[in-house]
Amino acid sequence: MESSLVKDNPLLIPLNKEKTVYDGFITVQERDFRLRLVLPPDRQLVRARLHCCWQLKHLLRGYEHIVKQRLQQSADLVSFVLELKTVLEVRLKSFPECRSIPPPQYYSQLISEMETLGWAKLLFIDTEFQTLKLKAEDSSGRQHILTVKLKSKSTLDLLYSQFLLVLESLTKFWDILDEIDTKTWILEPEKPSRSDTMRRIAIGNNVSIKVEVDPRHPEMLPECCLLGAEHVVTPLRNRLNANMHLWNPDSSVLHNLRDVLEIEFPSPATHEKSSFSAECGICYSYRYEAAIPDQVCNDPRCGQPFHQACLYEWLRALPSSRQSFNIVFGECPYCSKPITVKMAAQRS
């Protein structure tokens with residue numbers, strides 16, 4: 001039995017004369033996994049103990065009962081190791097990313113590159129030494145995190161330098177959005193991230209403008225969409241169309257929007273956000289599935305806001321409502337004046 005075991009698993013060797021303790025590696029799909037088998041004096045597998053490396057434990061998670069059953073029922077050690085390797089082959093198909101332990105040179109190279117880059121920049125490294133996070137700062141002092149999968153042939157220093165170049169190319173874009181975030185009331189997104197290119201800026205009660213800034217050309221005229229009651233939005237839209245020629249790429253987006261729309265945006269210094277956070281007149285909540293009210297009754301005496309989805313469902317349920325293409329026509333739930341809403345997207 002011992003000769004067959006050694007022949008099939010040359011890296012798994014007995015540590016004592018009684019051959020009750022085996023330590024080393026088993027090889028499955030050209031990957032080595034460390035383990036130790038401890039047998040009782042009578043060498044009965046039913047009372048044997050199996051100790052696994054962390055990679056082996058990870059692969060066998062959820063299959064421990066099968067391994068224990070095979071350990072108790074196998075005829076001999078050779079049969080058990082063969083069955084264990086069969087289980088591992090099945091598991092490896094589910095974890096194609098699993099790899100054998102890297103050679104020592106891998107860790108030496110990683111340490112050397114981190115010393116060159118500077119350990120102060122390291123925020124996190126996983127237990128497999130495959131993923132790390134580095135902190136970086138752009139020229140405006142904003143903090144950023146670079147996540148690196150250690151599979152690239154490029155050095156950490158080169159990857160970090162490339163990341164800094166990308167940050168620098170986006171500095172103007174973030175400067176513009178930071179000014180908007182600081183000096184206006186942002187309705188959407190609720191908590192802007194560095195990857196968000198859209199801002200919905202409050203103009204007044206139930207009136208706002210949605211601005212989409214191009215990260216590559218942040219100074220240029222962005223895509224703009226005015227939201228609110230038509231009697232309020234129409235004059236703003238007319239000014240926007242008439243004054244587009246006044247847009248100055250050398251000025252900030254916020255400054256240009258003020259000039260083109262001929263308005264002053266409410267700011268955190270002069271207004272409370274609650275002034276622009278009116279609840280939906282149907283569901284009585286401000287946020288519904290991350291959306292805020294963006295449909296408003298056009299009657300100046302009403303001006304009640306609604307979520308698009310709420311108003312769509314409300315009007316669709318009324319027998320007096322009618323639909324033409326993707327627009328539903330009906331009556332305002334509050335004042336019974338005519339109101340329309342576009343069909344909610346992706347509804348069954």
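This report covers the surroundings of Ser140 and the cysteines Cys297, Cys332 and Cys335 in a predicted model.

## Location and exposure of Ser140

Ser140 sits in the loop that links strand E6 (131-137) to strand E7 (143-149). Its relative accessible area is 40%. Ser140 therefore counts as partly exposed, since that class lies between the buried limit of 20% and the exposed limit of 50%.

## Contacts of Ser140

When residues up to four places away in sequence are left out, Ser140 touches Thr171 and Asp175. With Asp175 there is also a polar contact between the side chains, at 3.2 Å.

Trp174 is 34 residues from Ser140 in sequence, and the C-alpha atoms of Ser140 and Trp174 are 9.2 Å apart in space.

## Cysteines and disulfides

The search for disulfides, run over the whole structure, finds zero. Cys297 is in no disulfide, and the nearest cysteine sulfur to it belongs to Cys335, 3.5 Å away. Because a disulfide requires two cysteine sulfur atoms within 2.5 Å, the 3.5 Å between Cys297 and Cys335 does not qualify.

Cys332 is likewise in no disulfide. For Cys332 the nearest cysteine sulfur is again that of Cys335, here at 3.8 Å. This distance also fails the test, because the limit is 2.5 Å.

## Burial of the cysteines

Cys297 has a relative accessibility of 0%, and Cys332 has one of 2%. Cys297 and Cys332 are therefore both buried, as the class covers values under 20%.

Terms used. Residues numbered from 1 in each chain as written. Predicted model: local features only at pLDDT ≥ 70, side-chain atom pairs only at ≥ 80, totals over all residues. Heavy atoms only, no water. Helix = DSSP H or I, 4+ residues; strand = E, 2+ residues; numbered from the N terminus. Buried < 20%, exposed > 50% of the residue type's maximum accessible area, 1.4 Å probe, protein only. Contact = heavy atoms within 4.5 Å. Polar contact = N/O pair within 3.5 Å; in protein donor to acceptor, adjacent residues only side chain to side chain.
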